[in-house]
Amino acid sequence: MDTVVCIKQVPHPDHFSHITLDPVTKAIRRDGVPLVVNPVDRHAVEAALQLRDRFPGKVTVLTMGPPQAREALEEALAMGADEGILLCDRAFAGADAYATALTIAAAIRKLCPASLVLCGCETADSGTRMVGPMLAEFLDIPYATNVRRLDVTGEDACVAEADLDGGRMKVELGLPALITVSRAMNEPRIPDVMGIIGVADKTLSTYGAEEIDLPPDKTGLAGSPTRVAGVWEFKKDRRSEVLQGNPRHVSSDAVARLRELGGL
Ligand SMILES: Cc1cc2nc3c(=O)[nH]c(=O)nc-3n(C[C@H](O)[C@H](O)[C@H](O)COP(=O)(O)OP(=O)(O)OC[C@H]3O[C@@H](n4cnc5c(N)ncnc54)[C@H](O)[C@@H]3O)c2cc1C
């Protein structure tokens, strides 16, 4: 059973405070911010590797991003994925979730059709949660989101258990299908030395818009129906005050002070 796992390289969550917004271009400035595989995407890679143990096939990891996104693919290859695909082209820059999903769908259709497409349920940077469902729509396959447990029940079906607000849902999907994986699904493995050494022998190919038959106006900023109308940074202004004395008075003083400051 062949599986494609979509992964995104994102700024390291511990360094989010160093990300700034360019008020003119409205782009995100990430200069000097270390990049990592989007945390929940590592759970999606792990899920694919565990499924491969039971249903032999190829695990392909795919990302759309700048040249340095290759590092994210290398990490997934070190975990055990078989092959990597980097979608990298100036024409892909500035893509919104729609153009991102359309581009990935074109690549999967042309380069690596699979029984299962796995995504993370959301990214740590933009976090729209839209790429997975849109990708499924473009591929015209069923999907389930926020999945905590996945059982492939045969050649042509799987059962997914998903977390909902205040409950859980179990659905059966015909294959091929797309699943967005939650952190609850597994504990991703840490690549070992042999895995890291083995990356050099694995295929990691780069493709541009032409190679996946996408006209330039269908991808990147040109193919994005969304436009960033404005960007703001919220400057947090932190102050502290220590109230001392009798606990009963302190608590009523704290409430009065919070009211005064507009906090209540
Ligand atoms: C007009 C506009 C301009 C933008 N410009 C920029 C910009 O310059 N720089 C920038 O960083 N962002 C930019 N963005 C944000 C960018 O569009 C999103 O990062 C992108 O659409 C993916 O959406 P998401 O991160 O919300 O993914 P989600 O929907 O939250 O992701 C869910 C899952 O989809 C998969 N996935 C998501 N993105 C990718 C990918 N690229 N490759 C493979 N799998 C993926 C992963 O499995 C991920 O876990 C822009 C957005 C708009 C609207």
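Biologist: In the open sheet of nine strands, what is the strand order?

Modeller: This is a predicted model, where local features need pLDDT of at least 70, side-chain atom pairs count only at 80 or more, and totals for chains, interfaces and linings use all residues. Residues are numbered from 1 along each chain as its sequence is written, and side-chain values use heavy atoms, without hydrogens and water. Strands (E, at least two residues) and helices (H or I, at least four) are DSSP runs, numbered from the N terminus; two strands pair with at least two DSSP bridges. Pairing is mixed, and the order is β11-β10-β9-β12-β8-β1-β6-β7-β13.

Biologist: Which residue in β12 is the bridge partner of Leu116?

Modeller: β8 and β12 run parallel, joined by five bridges. Leu116 lies in β8 (116-120). Its bridge partner in β12 is Ala177.

Biologist: Which residues have the most contacts inside the largest nonpolar core?

Modeller: A core is a set of buried Ala, Val, Leu, Ile, Met, Phe, Trp, Tyr and Cys joined through side-chain atoms within 4.5 Å; buried means under 20% relative accessible area, exposed over 50%, partly exposed in between (1.4 Å probe, protein chains only). This one has 38 residues, led in contacts by Val5, Leu116, Leu118, Leu150 and Ile179.

Biologist: Why is the aromatic pair of Tyr98 and Phe138 edge-to-face?

Modeller: Rings of Phe, Tyr and Trp (its six-membered ring) pair with centres within 6.5 Å; planes under 30 degrees apart are stacked, over 60 edge-to-face, the rest tilted. Tyr98 in α3 and Phe138 in α4 are 40 residues apart. Their centres lie 5.2 Å apart, and the pair is edge-to-face because the planes stand at 80°.
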